[in-house]
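Here's a chain to poke at, sequence and coordinates together. Have a look, then we'll go through it in questions and answers.

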Amino acid sequence: RQVIANIERVSMLFLTKTAYATGLALLFGLLVLEFPFLPRQLSITDGLTIGIPAFFLALLPNTQRYIPGFLRRSLSFAIPAGLIIAISLTAYALAAASLGVGEPELRTGSTIILAVVGIWVLTVLSRPVTRVKVLVIGAMFIALLVIFTVPLATEFFQLVDPGRDAAWLLTGVIIVTIGAIEIVRFAHRRVVARDLVRASAQSAASAQSSETAPDNPPSRATK
């Protein structure tokens, strides 16, 4: 049961990525915009926000028991969160282009937004936060800082200074996106609470029916 509960939490990370990747492909395709990432830059977000932390989250102890409705609960968070991230990145790309931000700076800004917001999604899904989870999330933030400060890493991932205008813009986008994801998580927790109440009621009804049922049902009368 603990493994299944952890898989539900981890699945929301992967499904959120699927949702925002699909949303980005559709939005940038419809708007005929150049994709705001290089493939190697996406490996930063994939590793730090999904791949590495998912390994640890799947193995951590979990006191929550399994509740039916796994897929519906996962999608009720992943789809809205993924769409919010996709819309935020599209808005950033359009606003940065209107400010005359160059392509390398735009890609760097998009990478920063996706990495920070992705780690925040990881933090939201890790609640309640324990000491081990704090270590995992903190390690991801430290690794992100290393990637953006070590010259060898910045050269390999083609990360540059986004510039003053783009820095203010991406900061605003990150704040708004995180706020929207918190709203999604609040609504998602209500869905989980309803499922928990329903499952508890069904368990109580099942237990009561078992107690009232006769231990030895009467045998049929023989002729």
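Buried means under 20% relative accessible area, exposed means over 50%, and partly exposed covers what falls in between. Keep in mind that this is a predicted model.

Q: Is Glu-182 buried, partly exposed or exposed?
A: The relative accessible area of Glu-182 is 24%. Buried needs a value under 20% and exposed a value over 50%, so Glu-182 counts as partly exposed.

Q: Which residue does Glu-182 form a salt bridge with?
A: The closest N and O atoms of this pair are 2.8 Å apart, and a salt bridge calls for a distance within 4 Å. The partner of Glu-182 is Arg-127.

Q: How many residues apart are Arg-127 and Glu-182?
A: Arg-127 sits in the loop between α4 and α5, while Glu-182 belongs to helix α7 (residues 164–212). The pair links distant parts of the chain, and the separation is 55 residues.

Q: Which residue does a cis peptide bond join to Arg-127?
A: Omega for this bond is about 0 degrees. The partner lies in the loop between α4 and α5. That residue is Pro-128.

Q: What secondary structure pattern does the chain follow?
A: There are seven helices and zero strands here. Read along the sequence, that gives α-α-α-α-α-α-α.

Q: What share of the contacts with a separation of 6 or more comes from residues 24 or more positions apart?
A: Contact here means heavy atoms within 4.5 Å. With pairs at a separation of 6 or more as the base, residues 24 or more positions apart account for 86%.

Q: What percentage of the chain's exposed area do carbon and sulfur atoms supply?
A: The chain has 223 residues, and buried ones make up 40% of them. The area the chain exposes is about 12,700 Å², and the carbon and sulfur part of that is 69%.

Q: Where does helix α2 bend?
A: Helix α2 runs over residues 39–57, and its end-to-end C-alpha reach is 26 Å, close to the expected 27 Å. Even so, there is a bend of about 50 degrees in α2. The buried residues of α2 include Ile-44, Leu-48 and the residue at the bend, and the bend is at Gly-47.

Q: Which residue pairs with Asp-46 in a salt bridge?
A: Side chains of opposite charge can pair when their charged atoms come close. For Asp-46 the N to O distance is 3.5 Å. Asp-46 lies in helix α2 and its partner in helix α1 (residues 2–30), so the pair ties together parts that are 29 residues apart in sequence. The partner is Lys-17.

Q: Is Lys-17 buried, partly exposed or exposed?
A: Asp-46, across the salt bridge, has 25% relative accessibility and counts as partly exposed. Lys-17 has 30%, so Lys-17 is also partly exposed.

Q: Which helix holds both Arg-107 and Glu-103?
A: The two side chains meet in a salt bridge, 3.7 Å from N to O. They are four residues apart, about one turn of the helix. An α-helix has 3.6 residues a turn, so residues three or four places apart point the same way. The helix that holds both Arg-107 and Glu-103 is α4.

Q: Is Arg-107 buried, partly exposed or exposed?
A: Glu-103 is partly exposed at 28% relative accessibility. Arg-107 has 17%, and the cut-off for buried is under 20%, so Arg-107 counts as buried.

Q: Which residues is Thr-123 in contact with, leaving aside its neighbours within four places in sequence?
A: Thr-123 is in helix α4. At 14% relative accessibility, Thr-123 counts as buried. With those neighbours left aside, the contacts are Val-129 and Ile-137.

Q: How much accessible area do Leu-71, Leu-75, Ile-79, Leu-83 and Ile-87 have together?
A: These residues form a nonpolar patch on the surface. One of them, Ile-87, lies in helix α3 (residues 70–98) and is exposed, with a relative accessible area of 53%. Together the five have about 440 Å².

Q: What is the phi of Val-32, near enough?
A: Val-32 is found in the loop between α1 and α2 and counts as exposed at 71% relative accessibility. Val-32 is not a glycine, yet its phi is positive, near 55 degrees.

Methods
Residues numbered from 1 in each chain as written. Predicted model: local features only at pLDDT ≥ 70, side-chain atom pairs only at ≥ 80, totals over all residues. Heavy atoms only, no water. Helix = DSSP H or I, 4+ residues; strand = E, 2+ residues; numbered from the N terminus. Expected span 1.5 Å × (residues − 1). Bend = angle between axes of the 7 residues up to and from the residue. Buried < 20%, exposed > 50% of the residue type's maximum accessible area, 1.4 Å probe, protein only. Patch = residues over 30% accessible without salt bridge, like charges linked within 9 Å, V, L, I, M, F, W, Y side chains within 5 Å. Areas by Shrake-Rupley, 256 points an atom, 1.4 Å probe, with all protein chains shown as cover.
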